[in-house]
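Biologist: I've got a model open and I'd like to learn how to read its pockets and strands. Could you walk me through it?

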Amino acid sequence: MEVIRIPKVMQGSARALLSRGKTVGLVPTMGALHGGHLRLLRACREENDAAVASIFVNPAQFSAGEDLGRYPSDLEGDLEKLEAAGVDTAFVPAVEAMYPEGFSTRVEVGGLGEKLCGAFRPGHFGGVATVVTKLLNIVSPTRAYFGAKDYQQSVIIRRLVEDLDIPTEVVVLPTVREEDGLAMSSRNRYLGPEERRAALALYRSLLLAGAKIKEGARNPDQVRAAMLEALSGEPLITEVQYAGAYDPDTLDPLEEIEGGALLAVAAKLGEVRLIDNIVVEA
């Protein structure tokens, strides 16, 4: 596996492959790789001639007071996992390489970035959109792979690619879960044993809400109340930032549940912020 740290070198390597008619897949990550990432990497490897994975903890998507300084990192272990997954090229740029002196451009994503997580993480999705745009321009992938756990992010990236005429297919794969249902996340490493147990309340709230809809509930307030009841039963949850039923495309709260509904939740266990979601059909 080749490890490239300079954007122009990565760009040249990818363009050489594309010029020979090869397909290139990209899995953008911030490292601290887990089973969810590995699922994306397998698909990338299977569906493309060449597989590229990036590892870059993007400071532009962290607000003041968030966990940028302590975000989990294991570069050596991550590179071993990438190589074992059959990745051809690991792109591991430094912050200074991605945001050199004088960098002043930012991609804004409008209303989609202000809902759900965006309401609690101002500027987050602008930072995500900026770095993803840079990665897509550097690698020019045929396909780029993302996980549905970050549902809002996937909606925004699909919109970004369409709006900016970027010739990359965005592939979103289902959330990968632990055996007990907890959505895999790099931030799970922050959880102690009791917090890890308490975190299951997020998934339970989604399953309960989904069951209510399958039983015929169509009032979003009733569904949200069921979610909040499940979450309030877990004392280690210190804050519920949002929970409810949303339009899967616009991310707006539903006024009535008909057709598909995004059930989404964000909550904090102490200082650890976790998100989860499922999509259900009424």
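**Reading a pocket and a sheet**

Modeller: Sure. Keep in mind that this is a predicted model. Let's begin with the second largest pocket, whose lining residues divide into five nonpolar, five polar and two charged.

Biologist: How is such a space found, and what volume does the second largest pocket have?

Modeller: In general, rolling a probe the size of a water molecule over the atoms shows where empty space is left. Here, the second largest pocket holds about 210 Å³ of space. Its lining includes Pro7, Lys8, Phe103, Lys134 and Ile138. Two elements, helix 1 (7-19) and helix 6 (124-139), each give two or more residues to that lining.

Biologist: Which element gives the most to the lining?

Modeller: Helix 6 does, with five residues.

Biologist: Now the strands. Is strand 8 largely enclosed or open, and why?

Modeller: Buried means under 20% relative accessible area. Strand 8 spans residues 260-269, and nine of its 10 residues are buried, so the rest of the structure largely encloses it.

Biologist: Which strands pair with strand 8?

Modeller: Strand 7 (residues 239-246) runs antiparallel to strand 8, and seven bridges join the two. Tyr246, for instance, has Leu262 of strand 8 as its bridge partner. Strand 9 (residues 272-281) is also antiparallel to strand 8, with 10 bridges between them. There, Leu269 sits opposite Val272 of strand 9.

Biologist: What happens at the turn between strand 8 and strand 9?

Modeller: That hairpin has two residues between the strands, and Gly270 takes a positive phi near 65 degrees.

Notes. Residues numbered from 1 in each chain as written. Predicted model: local features only at pLDDT ≥ 70, side-chain atom pairs only at ≥ 80, totals over all residues. Heavy atoms only, no water. Buried < 20%, exposed > 50% of the residue type's maximum accessible area, 1.4 Å probe, protein only. Helix = DSSP H or I, 4+ residues; strand = E, 2+ residues; numbered from the N terminus. Pairing = 2+ DSSP bridges. 1 Å grid on protein atoms, 1.4 Å probe; cavity = no way out; pocket = protein on both sides within 12 Å on 5 of 7 lines; lining within 4 Å. Points joined across faces, edges and corners; volume = space filled by probe spheres on them. Nonpolar A, V, L, I, M, F, W, Y, C, P; charged D, E, K, R; others polar.
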